[in-house]
Amino acid sequence: MPDFQAILENLYQDAMNTSDKGTVASYIPELAHVDKNNFGIHLRTSAGKDYGVGDYKKPFSIQSISKVLALSKAMELIGEDIWKRVDVEPSGHPFNQLALLEIENGIPRNPLINSGAIVIADILVSNLENPKEDFLNYIRDLNGDDTINFNIDVAHSEKVTGFKNYATANLLKSFENLNNPVDDVLDFYFHQCSIEMNCEQLTKAFFFLSNKGNCLSNKIRLTKTQAKRINAIILTCGFYDEAGEFAFEVGLPGKSGVGGGIVALLPDNFVVTTWSPGLNIKGNSLLGMKALEKFTTETKLSIF
Ligand code: DON
């Protein structure tokens with residue numbers, strides 16, 4: 001067994017000693033206030049051991065990481081019908097690109113780019129009784145933690161500046177791939193993205209994907225096949241136009257968010273979450289990616 005605590009502490013020191021920490025996202029104005037010197041990492045093994053270093057208990061905006069949990073909930077609710085409305089191919093384009101959606105007649109390439117996530121949000125709005133509350137409860141329940149919440153200021157900040165997401169939702173609507181009103185779907189989507197969690201909570205929430213679909217409290221959330229499929233989508237699409245690079249450098253299914261979080265996992269082995277708010281040019285956490293590359297190199301734990 002690798003000495004996980006020592007390895008995480010080294011990764012933290014490396015991050016502290018790196019001067020280029022990337023750039024904090026500012027296109028959602030409320031996110032621009034976050035201090036890029038934060039760095040947290042948390043690991044949980046399938047045997048139930050926990051390791052955390054740095055700012056792993058400080059909450060941050062999970063943003064696109066929420067798209068995996070939204071997809072999991074949609075899968076639980078409507079199963080394979082999802083794939084009538086969203087494809088499962090990597091897009092090779094930035095998360096908010098619109099051109100492909102037009103060329104491909106309103107069928108998003110995958111559920112993790114914004115257009116695909118907005119279709120998943122539409123599915124949840126149609127199938128949940130109280131969409132925002134029920135989704136929040138789903139995440140709280142996965143985690144066994146009732147303190148998790150939306151950040152209303154972040155949701156509002158994105159609502160008043162999210163012109164591209166409005167364009168995306170309208171384009172989906174024009175292709176009849178959005179059943180609910182644009183405003184209702186985006187209100188849900190912006191709240192979903194605004195959820196705040198810390199590294200430890202994210203590691204716990206994602207445990208079911210490393211555990212054949214069974215969450216921490218051992219409830220069955222997805223079938224083994226569904227969990228396998230979601231992991232495949234995370235591996236191929238979780239980093240958008242940097243998914244190849246993440247597989248190449250890290251070798252794990254991983255999902256990023258513009259709040260600077262990354263969750264990565266090795267089925268039947270561990271879930272690891274990093275948080276470093278500075279992003280690289282593709283919108284993924286610069287030091288988070290570096291730390292995970294070093295983690296899988298040192299531990300020799302990857303899917304390849
Ligand atoms: O829709 C958006 O642009 C944001 N709410 C989420 C984008 C995001 O996190 C992209 N991932 N790195």
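1. In this predicted model, His42 of strand β2 stands opposite Gly52, a residue of strand β3. The two strands, β2 (residues 40-45) and β3 (residues 50-54), run antiparallel and are joined by five bridges.

2. What do β2 and β3 form, and how many residues lie between them? They form a hairpin, and four residues separate the strands. Gly48 sits in the turn and has a positive phi of about 95°.

3. Strand β2 also pairs with strand β8 (residues 270-275). Six bridges hold this pairing, which is antiparallel. Within it, Ile41 of β2 has Thr274 of β8 as its bridge partner.

4. Is β2 enclosed or open to the outside? Six of its six residues are buried, so the strand is largely enclosed by the rest of the structure. The side to which a residue points makes no difference here: Gly40, His42 and Arg44 point one way, Ile41, Leu43 and Thr45 point the other way, and all are buried. His42, the residue opposite Gly52, and Ile41, the partner of Thr274, therefore belong to opposite-pointing sets of a strand that is largely enclosed.

5. Turning to the helices, α2 (residues 66-78) packs with α4 (residues 114-127) at an angle of about 45°, and their axes are 9 Å apart. The two helices are therefore oblique to each other. The crossing of α2 past α4 is left-handed.

6. Which residues make this contact? From α2 come Lys67, Ala70, Leu71, Lys73, Ala74, Leu77 and Ile78. They meet Asn114, Ala117, Ile120, Ile123, Leu124 and Asn127 of α4. Sorted by class, the contact has nine nonpolar, two polar and two charged residues.

7. A second helix pair is α7 (residues 163-174) with α8 (residues 182-194). Their axes come within 10 Å and cross at roughly 135°. That angle makes α7 oblique to α8. The crossing in which α7 passes α8 is right-handed.

8. On the α7 side, the contact is made by Asn165, Tyr166, Ala169, Asn170 and Lys173. On the α8 side, Val182, Asp183, Leu186, Tyr189 and Phe190 take part. By class, there are six nonpolar, two polar and two charged residues in the contact of α7 with α8.

9. To compare the helix pairs: α2 passes α4 in a left-handed crossing, whereas α7 passes α8 in a right-handed one. The contact of α2 with α4 has nine nonpolar residues, and that of α7 with α8 has six.

Note on methods: Residues are numbered from 1 along each chain as its sequence is written. This is a predicted model: local features need pLDDT of at least 70, side-chain atom pairs count only at pLDDT 80 or more; totals for chains, interfaces and linings use all residues. Side-chain values use heavy atoms; hydrogens and water are left out. Axes are lines fitted to C-alpha atoms, for helices over the stretch in contact, and angles run from 0 to 180 degrees between N-to-C directions. Angles under 35 degrees count as roughly parallel, over 145 as roughly antiparallel, 65 to 115 as roughly perpendicular and the rest as oblique. A crossing is left-handed if the near helix is turned anticlockwise from the far one by less than a right angle, and right-handed if clockwise. Contact means heavy atoms within 4.5 Å. Ala, Val, Leu, Ile, Met, Phe, Trp, Tyr, Cys and Pro count as nonpolar, Asp, Glu, Lys and Arg as charged, and the others, Gly among them, as polar. Buried means under 20% relative accessible area, exposed over 50%, partly exposed in between (1.4 Å probe, protein chains only). Two strands pair if DSSP finds at least two bridges between them.
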